[in-house]
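Student: I would like a close look at one part of this protein, namely the charged side chains that pair with one another. Could you take me through them slowly, with attention to where each partner sits?

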Amino acid sequence: MRTLSRFIVMWLAVFTAVGSIQAQTSTPIITYNTQFHPVLARKGMVVSQDMHASEAGLEVLKLGGNAIDAAVATGFALAVTHPQAGNLGGGGFMLIYLKSEDRVVAIDYREMAPAAATRDMFLDANGDVDNTKARFSSQSSGVPGTVMGLTEAQAKYGALPLSTVMAPAIRLAEEGFQMTWALSVSLSRFQQRLSDDPITRAQFFKEDGSTYSQGEVFRQPDLAKTLKEIASRGAPGFYEGWVADRIVDTIKASDGLIRHEDLLNYVAKEREPLTGSFRDYEVVTMPPPSSGGVHIVQMLNVLEGWDLKGLGHNSADYIHRLTESMKYAYADRSKYLGDPDYFDVPVTALTNKGYAGTIRDKIDIARATPSTEIAPAPSLPDESKDTTHFSTMDAAGNMVANTYTLNFTYGNGRTVAGAGFLLNNEMDDFSAKPGTPNAFGLLGGIANAIEPGKRPLSSMTPTLLFKDGQPLMATGSPGGSTIITAVLQTVLNVMEFDMNAATATARPRIHHQWFPDFLMMEPGHSVDTRKKLAEMGHTLETAAIGGRVRVLGATMTIIRRPDGLLSGSADPRRPGAHAAAY
């Protein structure tokens, strides 16, 4: 606890140091002269939420791998060393920029609903959502996509054999690694829930049920066997054969829905990336079923109409405009976003600059509009969740932004017997009942209703920036519903305020998601800023919850500087984050 306290005190000091301290007038002086120093490199860089995983990606870069190889190595290593969100049993999104082809590939490996899933499967006899069933039962698990997504990306765009790319992850699982402070604390915190499943208890705790301490060697032999099978056979080593048998047996034993046919029918999809612009920057992000990409572009379109730099970074007037833009975006999310294979998502309309202008015209720049007075747009212009993120770049100019998840920390807490990996609880990301909030307080409707084979809506927002046609930045974040706003503020810090990777990462953040109607603020925002925002009608959330400091997201960012150096920052909001470079 003393270590945790020191960590909190350090970051309160950091946030206070970088927080704006001038009077918040309509035209404040910008005062962010404190520059935090990023990690610099020339040949390659990997930034992730775990040191072992970042170093695994760097090891593969040094062996001649490209940014895609490094990303896949990092993804598999996180399944070993960061089981809170790193996974084989979950899903996510990957953006790849291929420098030689000057194009971006968007890979959707989000989970799919099993064939036996039904729209009302999580409603009780009274028609209310049974949250325990939706979040912690085996029925909460969607068909995993991570293994298919990572292996297909590596096969198509990597430079090394898959066995070489996966070797660090296999070594970490088989030989073990020294338990990190962050993982030890996390396992202790979730020990009761994880111990409800005897397989999970045996996987992550000692024989007497106690937690591994920092520095103790933690081995996962069952997981190592699964990783070896994938390294040898690729995706069929997971979706067929003995691993698939173990998945189905584990699911059946606890009344879950996934069957062999669901695993065999899983597909990772390459989708057309979503492209927007902000001033002279090109923003490339993930299309639906990510909601994040659409709303990043939508909010940037709204904000582009104001002189944000002139308002002053994190001034009350700046934060007010961000907050009001967020409200409208999350309102539209509740109605219009879902799996585009099942619902006609009006992407072009939502990201139309003219539509953004109508939102901007509705925003009162002096007063907060109550969320009850904001609704999803009745019509649009005609068409012409615990998670983790990692970013990679290589010397050739390739870059990857990848976000993947199990949904909750440790998913539904159930481990596949004999295979050593946790199952997701992504079915909760569907709208179990229109108008009823999910675990992150997000409202949804028919567009995100449960259907067999459908992918649940996600806030995951891997994002790439380009300037003058050249690759500039890869970023993304965990954080459930706060992912979108964390990424928005990080890219704005770079594009509008010319911050380096570390400063853009360290700046205190805010979040509003329409409902519930309150503005979350990290520590570091000045007292006068908070006072003015309250006077403008915003309801401010307290900085600490249950004695813990509230932080919003954890971006993992790499920027390619004009001199060719790579500049990276692993967000220290979550202990253990690490930038590995050479």
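**Salt bridges in the predicted model**

Tutor: Asp 571 is buried, because its relative accessible area is 0%, and this residue makes a good starting point. The model is a predicted one, and the values that follow are computed from it. The partner of Asp 571 is Arg 509, and in the salt bridge between them the closest N and O atoms are 3.0 Å apart. This pair links distant parts of the chain, since Arg 509 belongs to the loop between helix H20 (501-506) and strand S14 (510-511), whereas Asp 571 belongs to the loop between strand S19 (566-570) and strand S20 (578-581), 62 residues apart. Arg 509 has a relative accessible area of 1% and therefore counts as buried, the cut-off for that class being under 20%.

As a general point, side chains of opposite charge can pair when their charged atoms come close. A search of the whole structure finds 29 salt bridges, and a few others deserve the same attention.

One of them joins Asp 428 to Arg 135, with 3.4 Å between the closest N and O atoms. Asp 428 has a relative accessibility of 5%, so this residue counts as buried. Arg 135 is also classed as buried, because its relative accessible area is 16%, a value that falls under the 20% cut-off.

Another salt bridge is formed by the side chains of Lys 327 and Glu 324, at 2.9 Å from N to O. Both of these residues lie in helix H16 (residues 316-336), where they are three residues apart, about one turn of the helix. Lys 327 is buried, and Glu 324 is buried as well.

Beyond such pairs, there is a network of salt bridges that links Asp 108, Lys 269, Arg 271, Asp 339, Asp 341 and Arg 455.

Charged residues also appear in the lining of the second largest pocket, which has five of them, alongside eight nonpolar and three polar residues. That lining comprises 16 residues, and those nearest the centre of the pocket are Leu 472, Ile 559, Arg 560, Arg 561 and Pro 562. Strand S13 (470-475) and strand S18 (556-560) each supply at least two residues of this lining, and S13 gives the most, with three residues. The second largest cavity, by contrast, has no charged residues in its lining, which has eight nonpolar and five polar ones.

Key
Residues numbered from 1 in each chain as written. Predicted model: local features only at pLDDT ≥ 70, side-chain atom pairs only at ≥ 80, totals over all residues. Heavy atoms only, no water. Nonpolar A, V, L, I, M, F, W, Y, C, P; charged D, E, K, R; others polar. 1 Å grid on protein atoms, 1.4 Å probe; cavity = no way out; pocket = protein on both sides within 12 Å on 5 of 7 lines; lining within 4 Å. Helix = DSSP H or I, 4+ residues; strand = E, 2+ residues; numbered from the N terminus. Salt bridge = Lys/Arg side-chain N within 4 Å of Asp/Glu carboxyl O. Buried < 20%, exposed > 50% of the residue type's maximum accessible area, 1.4 Å probe, protein only.
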